[in-house]
Amino acid sequence: MSAIIERQANPIPARKTGGPVPRLFVSLYGVSLFIAVLAVWAVVAWILPTKHQYLFPSPWLTLKILWESLPELLVSTGSSFLILAPAYAGAVILGASWGLLVGGSERLRLIFIPFARVVAPVPPTVYIPYAIALLPTFRSSAIFIVLLASFWPVFINASAGTLAVPEQHRDNARALGFTHFQYLRRVAFPAALPFIFNGMHVGMGMAFIMLTVAELFGSTSGLGRFVQYYADYADFPRMLAGILYTGLITFLSMSGLGLLEKKIIFWPH
Amino acid sequence: MPTPDIAAENRSPDKIPPKSKLGELRVENLFFTYDEQKMALEDINLSVPEGEFLCLLGASGCGKTTLLRLIAGLESPSGGRILWRGRPVHGPSLERGIVFQEYSLFPWFRLRDNVALAIEKSRPETAKSERFQYADEYLGMVGLREAAHKYPHELSGGMRQRGAIARTLALGSPVLLMDEPFGALDPANRMRLQELLLDVWSCSSPGRTVIFVTHDVDEALLLGDRVIILGASPGRIIGEIKVDFPRPRNAETLFALDSFRELRSEISSYYHRDARRQIAGESIITSRQEGI
């Protein structure tokens, strides 16, 4: 008998991983759904009778009108950002600093967290009419509403991040004799940055929602106003162009925030 | 010749040689419990004269880290007290710098800034540029001057620990507490850092007190003037050894000595006997739980 034991064929074949997906295919996969949606849109618009083309315009017509309306859209963007930028910046600064203070102090947590639990979930849209009535200008009331809406996610995440500062960082800060404010500024703030950015992403989404909704109410310019205005005049191709454009602006803002996050939080966390 | 002096289990405070030197650190009848019932440390009595290099040796879970954290002031004792220069310890202080096993440096600061933080605290009168100069000096002591502008994640584990040592040295603390600082390093790196630590310690002029926590018998004997052996459940002192090997020591010559090997095996057997008793005790409980 031979000493060599014949090796049985492996009953379970090794899983074929085939290595990483080639880069070209990654980008192809990434755009495939966009192409599919565009194709369905084009086909539906093509099948529909011509009389419906102003209710359901083809992608080409929409793009053409988007191009035509670009100057007006750019002005609207400027107007919207005059509300968005100060409101969002204010929400981030207030939310992050207040969140750090509250997250870093047991007593402040006891005071503020129950309040936040009740007030934060209220949909900020309900404040819009009253804010417009109460504050002198539309812009100031819109800034107030957008700020309020994006404040809560930043605040809640910042305080959660401060609570979640890893024990070793806290120990090191204590061993180095940091004061509470030194600890907040040099340890808790950077350690909580991933949380804060998370809140900033959610907050930015809220800011765009509140901005466009507020503009529907009483604005004379802006992106939300643009969409509302042409819908009122049943100029649906222009309205659709406005929606596409607003989507693009939102996407670009979010991507910019993502890039900023990557740049600021450079250490592994 | 080193004289092994493995003391009896029931140490009482009066057996500790009375010393009231200025720089002495005393631990008196220290108890520490967590979760209200589980005893982590039971009646620890310890006296560390100024300038001594003391090693706390024990298996993991025996409470040696807890003891160090209590001495650092990061935890508060449940009973008893800790005295430094005759004054009770309440909370952390720059007089007792601590180096942890890992992650001592803040990852968002460059190495130089990490060290400068300590200098800002120990010498608040210095200007910012001066602080960087001092920081570079301390980094030079641990051979990291070239890496001063790097971030911790750009350094190896050994370099990070050297950086942590530099930062703690920069605090200028007369007492240096080290919690298994080389525990996460590979053997070659560990040996280099042990030698570096001995160099730095022997160079510090007024004689820094070091309390060094380890579970490595070789490390304890290489570094320490005295080794305290801790047993577990509850954590208590089960033995004490004076280590008289001449300094400067280095691992190669020390490990070749017969007297070293004798002492080492003596400690190991003593230290392992308690650990085995532990494991035996645990396995009885487990088999009872699992049995039938």
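## Domains of chain A

About 370 Å² is buried between domain 1 of chain A and domain 2 of chain A, and carbon and sulfur atoms give 92% of that area. The model is a predicted one. The domain assignment places domain 1 at residues 21–49 of chain A and domain 2 at residues 58–264. Four residues of domain 1 take part in the contact, along with six residues of domain 2. The centres of the two domains, taken over C-alpha atoms, lie 31 Å apart.

Charged and polar pairing is absent here by the rules applied. Zero salt bridges are found across the interface of domain 1 and domain 2 of chain A. The count of residue pairs in polar contact across that interface, with both residues at pLDDT 80 or more, is also zero.

## L38(A)

L38(A) belongs to helix α1 of chain A, which spans residues 23–47. Is L38(A) exposed, partly exposed or buried? L38(A) counts as partly exposed because its relative accessibility is 40%, and the partly exposed class runs between 20% and 50%. L38(A) and P59(A) are 21 residues apart along the chain. Their C-alpha atoms are separated by 7.2 Å.

## Interface of chain B and chain A

Chain B and chain A bury about 1,900 Å² between them. Carbon and sulfur atoms give 64% of this area. On the chain B side, F106(B), W108(B) and K121(B) lose the most area to chain A. Together these three account for 32% of what that side buries. The contact draws 22 residues from chain B and 19 residues from chain A.

How many salt bridges are counted between chain B and chain A? The count is two. R186(A) and E120(B) meet through their side chains in a salt bridge, with an N to O distance of 2.8 Å. Helix α2 of chain B, residues 111–122, supplies four residues, the largest share of the side of chain B that touches chain A. Ten residue pairs are in polar contact between the two chains, counting pairs with both residues at pLDDT 80 or more.

## Nonpolar cores

The largest nonpolar core holds 110 residues. Which residues have the most contacts inside this core? They are F53(B), F106(B), F212(B), I229(B) and I267(B). The element that gives the most to this core is helix α8 of chain A (residues 180–218), with 16 residues. Another core lies apart from it and has 32 residues. Among them are A175(A), V48(B), C62(B) and A72(B).

I267(B) shows some of the packing in detail. Residues up to four places away in sequence are not counted here. Beyond those, I267(B) touches L57(B), V217(B), L221(B), I229(B), I241(B) and H272(B).

## I228(B)

I228(B) sits in strand β9 of chain B, residues 226–231. Its relative accessible area is 1%, so I228(B) is buried; the limit for that class is under 20%. Neighbours within four places in sequence are again left aside. The contacts of I228(B) are then L46(B), L54(B), C55(B), L56(B), L57(B), I237(B), G239(B) and E240(B).

What separates the C-alpha atoms of I228(B) and L177(B)? The distance is 15 Å, for two residues 51 apart along the chain.

Technical notes. Residues are numbered from 1 along each chain as its sequence is written. Chains are lettered from A and ligands numbered from 1 in the order in which they are written. This is a predicted model: local features need pLDDT of at least 70, side-chain atom pairs count only at pLDDT 80 or more; totals for chains, interfaces and linings use all residues. Side-chain values use heavy atoms; hydrogens and water are left out. A nonpolar core is a set of buried Ala, Val, Leu, Ile, Met, Phe, Trp, Tyr and Cys residues joined through side-chain atoms within 4.5 Å. Buried means under 20% relative accessible area, exposed over 50%, partly exposed in between (1.4 Å probe, protein chains only). Helices (H or I, at least four residues) and strands (E, at least two) are DSSP runs, numbered from the N terminus. Contact means heavy atoms within 4.5 Å. Domain bounds come from an automatic or database domain assignment. Buried area is the accessible area (1.4 Å probe) that two parts lose on being put together, summed over both. A salt bridge is a side-chain nitrogen of Lys or Arg within 4 Å of a carboxyl oxygen of Asp or Glu. A polar contact is a pair of N or O atoms within 3.5 Å; within protein, one must be able to donate a hydrogen and the other to accept it, and residues adjacent in sequence count only if both atoms are side-chain atoms.
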